Amino acid sequence: MASAAEGDMEAELTRGLRWDFQDLSLNKLATSLGASEQALRLIISIFLGYPLALFYRRYLFYKDSYLIHLFHTFTGLSIAYYNFGTQFYHSLLCILLQFLILRLMGRTVTAVLTTFCVQMGYLLAGYYSTATGTYDIKWTMPHCVLTLKLIGLAIDYYDGGKDQKSLSSEQQIYAIRGVPSLLEVAGFSYFYGAFLVGPQFSMNHYMKLVRGELTDVPGRIPNSTIPALRRLALGLVYLVGYTLLSPHITEDYLLSDDYHNGSFWFRCMYMLLWGKFVLYKYVTCWLVTEGVCILTGLGFSGFDEYGTAKWDACANMKVWLFETNPRFTGTIASFNINTNAWVARYFFKRLKFLGNKVLSQGLSLLFLALWHGLHSGYLVCFQMEFLIVIVERQAASLIQDSPVLSRLASITVLQPLYYLVQQTIHWLFMGYSMTAFCLFTWDKWMKVARDLPARGEGTAERSGGQWGGGQFQAIIYHGGCVSPQVYKSIYFLGHVFFLSLLFILPYVRKVMVPRKEKLKKME
C-alpha cells in the first residue's frame, strides 16, 4: 500500500510539475496578456535586438567584416526560425536567387526586371497561398521587407555600372561600385535590427556600418546609447498606451450592433478615435527597432550645422509631426518614412519617363497596395490616399492664391478653430481609409451594402487576428453580414466628400482667384 501511495504521490507531483510548466509556456503567457503566441514571439524578437546590439558594440565593432556578416546572418536566421520555424527557408531561397541574378546577369536592365518579377512574384505567391480573412503573423510579414531590400539592391548594383555623371546626386550615394559577396548580401538582408518590420536601408549604408564608419567619434564605438534609449522609452510609452486601450477601441466594434445603433455623429467620432489609435501598434514597433539601429550605429546620419550628431538615418517615425500636423500629407511624411522614401527613390522617380507626375504617383500607390497584400481593402485604402492628397493640394493652392481666403485663413483668433476642424477632418477620413485596410476583404467592406439578411440572422465568431506588425481582430459572420449602416452612412462618406471636392474646387477657383493671380501662377 505504501508503494501504491508513493506512486500516486509521484504521479500527482508529475502532473503538478507538468501543469506549472504549461503555465510558464509562451502560449500561456501570451493568453494571459491577451495576445497570441506569434505576436508575443514578434515582440520578444524585436526587443532582443538590444542585447544583440550591445554584444555587437562590445565585441565586434571594428572587427573583421566577415565576422560581422556572419553574426548578422546567424542572428537573423535564428530570429526567423524562432518566429516561423522551417518556413525561414523562403527568405534564404530568395537571397540565394538574388545573389545568382546579380552574378549571372550583371549590371543590366534585365537583372533589374528579373529581380522585380522574381521577388514580387514570390511575395505575391506567398500572400495568395497563406491568405486568410485576417492579418496573421506569418513568414510573409518580414518577407515584404526583404523584397524591397533585394529590389533596391539590384537597382543600386545596376546604377553602379553607369557613368558617375549620368546619375543624380541621390543615385550616386546609393550606387554600388563593387560586387557584393553572398555573405555580404546575407548579412545585409538578415540584420537583426530590421529583418522583421524594417526599416529600409541601402547596402552602401550597411557596409559603412560594417567598416565602422557610422560613428560620431572616429576610431571608437558611437555615443548612441542615450539616443537609442530615448527611442526605446518613447516606444514603450506607445506600447503601454496601446495595451491599456486596445480592449476598448477595436475594429470589432465597428461591426457591432451597438455601433450601428448609435447616432451618425457617434459613429463618426468612434471611427476618428479608432483611426488614430489603430496606427499606434506600428509606431511602437518602429520606434523600438529604430532604437536598435541607433545603438549599433546604423542610425547615424552625420552632423547638423551645430556639430551635433544626428541619429535619424533609420527613423521610420517623426512622432511630433505625426501627432500634431493637421494634414494628410503631414501624416504621410511622418509615418513609415523609410518605406515611403524607398518607393520614391526606386519607383516614383524611375517613372519620370512617363512625363506625368500624377500618373507616377498613382502607379506608386498601386505598387504599395500590392506590396501590402492581395486583399481588396489595401487597394481601397491607397486609392483613398491618392484622392485625398490631390484634393488637399487643390484646397491648399486655392487658399493660398485667393486673396479673400488667404486673409480669412490668416486671422489669428480663428487659428485654434481652423486647427480643430482640420484635425477632425484629417483623422475622421484617416479612420475611414483604414477601415478598408483593416477589414481586408470585399465581403466585409463592400458587399455588406447590398443583399443583406435581417439583423441577427448571422452568427459570429472571432477569428485569429492578433496584436503586432499590423495584426487585427476581425469578426466573421456565417449566414449573414454586418448591418449596412456603417458602409452607407460612414464608409461611402469619404468617397462622396472627396470626389465632390475634386470636381467642385476647380469651379470655386475660377470664382475666388482673380485672373491676374492665375496669370502670375502660370508664369
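I'm calling a residue buried when its relative accessible area is under 20%. With that settled, I opened the structure, which is a predicted model.

**Overview**

I started with the whole chain. On that cut-off, buried residues make up 48% of the 523 residues in the protein. I then went through the secondary structure and found 25 helices and two strands. I also looked at how far apart in sequence the contacting residues sit. Of the contacts with a separation of 6 or more, 73% are between residues 24 or more positions apart.

**Helix α11**

Next I picked a short helix, α11, residues 203-210. How many of its eight residues are buried? I got seven, so I noted α11 as mostly covered, given the under 20% cut-off. The buried ones are M203, N204, H205, Y206, M207, L209 and V210.

What do those buried residues pack against? I listed α4 (49-60), α5, α8 (140-159), α9 (169-174), α10 (182-190) and α15 (280-296). Past the end of the helix I checked the backbone too: G212 follows α11 and has a positive phi, near 80 degrees.

**α10 against α11**

I took one of those partners, α10, for a closer look. The axes of α10 and α11 are 10 Å apart, and the angle between the two helices is about 100 degrees. Angles from 65 to 115 degrees count as roughly perpendicular, and therefore that is how I wrote down α10 and α11.

On the α10 side the contact uses E184, V185, G187 and F188, and on the α11 side M203, Y206 and M207. Sorted by class, this contact of α10 with α11 has five nonpolar residues, one polar and one charged.

**H69**

I wanted a single residue that touches this region, and I went for H69, which is in helix α5 (residues 65-84). Is H69 buried or exposed? Its relative accessible area is 3%, so H69 is buried.

Which residues does H69 touch, leaving out those up to four places away in sequence? I found L183, E184, G187, Y206, M207 and V210. I had already met E184 and G187 on the α10 side of the contact with α11, and Y206 and M207 on the α11 side. V210 was also on my list of buried residues in α11.

**T284**

From α15, another partner of the buried α11 residues, I looked up T284. T284 has 2% relative accessibility, so I counted T284 as buried. I also took a C-alpha to C-alpha distance from T284 to G241: they are 9.8 Å apart in space and 43 residues apart in sequence.

**α7 against α19**

For another helix pair I went to α7 (residues 109-130) and α19 (residues 357-372). They pack at an angle of about 50 degrees, and their axes are 9 Å apart. That angle makes α7 oblique to α19.

Which residues make the contact? From α7 I have F116, M120, L123, L124 and Y127, and from α19 F367, L370, W371 and H372. By class, the contact of α7 with α19 has eight nonpolar residues, one polar and no charged. One reminder I jotted next to this: an α-helix has 3.6 residues a turn, so residues three or four places apart point the same way.

**Cavities**

Then I searched for enclosed space. I counted three cavities of 30 Å³ or more, and the largest cavity has a volume of about 70 Å³. Its lining has 13 residues, with G152, F201, S202, W342 and Y346 nearest the centre.

Which elements supply at least two residues each to the lining of the largest cavity? They are α8 and α18 (337-348). α8 gives the most, with five residues. The lining of the largest cavity divides into seven nonpolar, three polar and three charged residues.

**Second largest pocket**

Last, I turned to open space and noted the second largest pocket, at about 860 Å³. I counted 25 lining residues, and A395, A396, I399, Q422 and I425 lie nearest the centre of the pocket. The elements giving two or more residues to this lining are α20 (376-401), α21 (403-409), α22 (415-439) and α24 (485-512).

Which of the elements has the largest share? It is α20, with eight residues. By class, I put the lining of the second largest pocket down as 19 nonpolar, four polar and two charged residues.

How values were computed: Residues numbered from 1 in each chain as written. Predicted model: local features only at pLDDT ≥ 70, side-chain atom pairs only at ≥ 80, totals over all residues. Heavy atoms only, no water. Helix = DSSP H or I, 4+ residues; strand = E, 2+ residues; numbered from the N terminus. Buried < 20%, exposed > 50% of the residue type's maximum accessible area, 1.4 Å probe, protein only. Contact = heavy atoms within 4.5 Å. 1 Å grid on protein atoms, 1.4 Å probe; cavity = no way out; pocket = protein on both sides within 12 Å on 5 of 7 lines; lining within 4 Å. Points joined across faces, edges and corners; volume = space filled by probe spheres on them. Nonpolar A, V, L, I, M, F, W, Y, C, P; charged D, E, K, R; others polar. Axes fitted to C-alpha atoms, helices over the stretch in contact; angles between N-to-C directions. Parallel < 35°, antiparallel > 145°, perpendicular 65-115°, else oblique.
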